[in-house]
Amino acid sequence: MAVLTALVLTGCAPGPNDVGAITPPEAQAGFWLGLWQGFISPITFLVSLFNPDVNIYEVHNDGNWYNFGFMIGVAIAFGGPASAGGYATPGRRKG
C-alpha cells in the first residue's frame, strides 16, 4: 500500500519545463500573456475539447511569472473573491 501511495504521489509531481531551454526568451510567454490566457481559459477549454490544436496552457513560457499571471487570470475569470458571497445585499436585514 505504501509503494502504491508513493507512486501515485510522485506521478502527480510537476517536472521541469525543458521547452523553455530550447525556446528563445523573446518567444516565451510572460506575465501579461499568462494573465490573458488565464482570463480566457473557460472559453479556451471548450474550444480545446473540439480542436486538438488548441491548448489551455502555453508550454513555451518563462516560468513563475507566466504561472502567476495565469492564476490571476483564472481567478478573475471564475469570479475571484466576489463569488464567495461576501457581499451584503442592500436593504436586507437579519431578524
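**View A. Asn61 in the loop between helices H4 and H5 of the predicted model.** Asn61 sits in the loop that joins helix H4 (41–50) to helix H5 (64–77). The relative accessible area of Asn61 is 6%, under the 20% cut-off, so Asn61 counts as buried. A polar atom of the Asn61 side chain lies 2.8 Å from the backbone nitrogen of Gly63.

**View B. The aromatic pair Trp65 and Phe68.** The model holds eight aromatic pairs. In one of them, Trp65 and Phe68 meet edge-to-face, with 5.9 Å centre to centre and 80° between the planes. Both residues belong to helix H5, where they are three residues apart, about one turn of the helix. Trp65 has a relative accessible area of 56%, over the 50% cut-off, and is therefore exposed. Phe68, at 44%, is partly exposed.

**View C. The aromatic cluster that includes Trp65 and Phe68.** Phe31 and Trp32 join Trp65 and Phe68 in one aromatic cluster. Within this cluster, Trp65 and Phe68 come from helix H5, while helix H3 spans residues 31–39.

**View D. The buried face of helix H3.** Gly34, Gln37 and Gly38 are the buried residues of helix H3 (residues 31–39). Seen down the axis of H3, these residues fall within an arc of 100°, so they line one face of the helix. Helices H4 and H5 are among the elements that cover the buried residues of H3.

How values were computed:
Residues numbered from 1 in each chain as written. Predicted model: local features only at pLDDT ≥ 70, side-chain atom pairs only at ≥ 80, totals over all residues. Heavy atoms only, no water. Helix = DSSP H or I, 4+ residues; strand = E, 2+ residues; numbered from the N terminus. Buried < 20%, exposed > 50% of the residue type's maximum accessible area, 1.4 Å probe, protein only. Polar contact = N/O pair within 3.5 Å; in protein donor to acceptor, adjacent residues only side chain to side chain. Phe/Tyr/Trp six-rings, centres within 6.5 Å; stacked < 30°, edge-to-face > 60°. Arc of directions from axis to C-beta. Contact = heavy atoms within 4.5 Å.
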